[in-house]
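I opened this entry to record what I looked up in the model. The notes follow the order of the lookups.

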Amino acid sequence: MASRIAAGHPAPQRERVGLLPVAFGLTGAPLAWIGLSLVNYGVASQGCTPPLASRFGAILGAAVALALVVALAALWAAYGAWRRSHAEQAGGGERTMEVGEGRTRFLALCGIITSLGFLIGIAFALLPLLMVPSCAG
């Protein structure tokens, strides 16, 4: 290790991307899934009682649709941050490990992976509405 590379800032492209798209890309889809789970628990546990029985499917359908929109927006924000930070670090993984740069692009990629995973989970939450008959019939 005779030739040490001078380490720069770990996120040199941080001004190009900004904190909000990266943070929303990381947390938007998980928060949408948590919100959907809370609504689903509250509505599904009371779905067969007379005040909610007629609106059961509509409430859960709207909650799933809203969660899908938020998760897609988070995926879009993370992908945009990933694209804007494409020139953050050149030289492959070995250079990145030694220098320690590329944090913005790494966080954007984590946001893409997180958003995709929770988007799939939210889409699976739609299946009971389509496959299980409600008790309002």
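**Overall layout**

I read the elements from the N terminus on, and they run α-α-α-α-α-α-α. That makes seven helices and zero strands. The model is a predicted one, and I kept that in mind throughout.

I then took the totals for the protein. Of its 137 residues, 28% count as buried. The accessible surface comes to about 8500 Å², and carbon and sulfur atoms hold 71% of that. I also looked at contacts between residues at least 6 apart in sequence, and 82% of these join residues at least 24 apart.

**Confidence**

I checked pLDDT before going into detail. The mean for the protein is 79, with 70% of residues at 70 or more. Helix α2 has the highest confidence, at a mean of 92, and helix α5 (residues 92-99) the lowest, at 50. Over residues 96-100 the pLDDT is below 50, and I noted 11 contacts for this stretch beyond near neighbours in sequence. Residues 1-5 also stay under 50, and there the model has five contacts beyond four places in sequence.

**Helix α2**

I asked what span the 26 residues of α2 should have at 1.5 Å a residue. The expected value for residues 19-44 is 38 Å, and the end C-alpha atoms are 36 Å apart, so the two agree. I also looked for a bend: α2 turns by about 40° at Thr27, and the proline Pro30 follows within four residues. On burial, I listed Val22, Gly25, Gly28, Ala29, Pro30, Ala32, Leu36 and Val43 as the buried residues of α2.

**Helix α6**

I ran the length check on α6 too, which covers residues 103-125 and has 23 residues. From first C-alpha to last it reaches 33 Å, close to the 33 Å expected at 1.5 Å a residue. Its buried residues are Thr104, Ala108, Gly111, Ile112, Ser115, Leu119 and Ile122.

I picked two residues of this helix for a closer look, Ser115 and Leu116. Is Ser115 buried or exposed? Its relative accessible area is 0%, and the cut-off for buried is under 20%, so Ser115 counts as buried. Leaving aside neighbours within four places in sequence, I found Ser115 in contact with Gly25, Ala29, Ala71, Ala74 and Leu75. Of these, Gly25 and Ala29 are among the buried residues of α2.

Leu116 has 40% relative accessibility, and partly exposed lies between 20% and 50%, so Leu116 gets that label. I also took a C-alpha distance here: Leu116 and Ala71 are separated by 8.1 Å, though they stand 45 residues apart along the chain.

**Nonpolar core**

Last, I looked up the largest nonpolar core. This core has 13 residues, and Leu36, Ala67, Ala71 and Ile122 have the most contacts inside it. The elements that give two or more residues to the core are α2, α4 (56-84) and α6. The most comes from α4, with seven residues. As background, I noted that nonpolar side chains tend to be buried together in soluble globular proteins.

I then listed the partners of Ile122, again without neighbours within four places in sequence. Ile122 is in contact with Ala29, Ala32, Trp33, Leu36, Val64, Ala67, Leu68 and Ala71.

Key: Residues numbered from 1 in each chain as written. Predicted model: local features only at pLDDT ≥ 70, side-chain atom pairs only at ≥ 80, totals over all residues. Heavy atoms only, no water. Expected span 1.5 Å × (residues − 1). Bend = angle between axes of the 7 residues up to and from the residue. Buried < 20%, exposed > 50% of the residue type's maximum accessible area, 1.4 Å probe, protein only. Contact = heavy atoms within 4.5 Å. Core = buried A, V, L, I, M, F, W, Y, C linked by side-chain atoms within 4.5 Å. Areas by Shrake-Rupley, 256 points an atom, 1.4 Å probe, with all protein chains shown as cover. pLDDT = per-residue confidence, 0-100.
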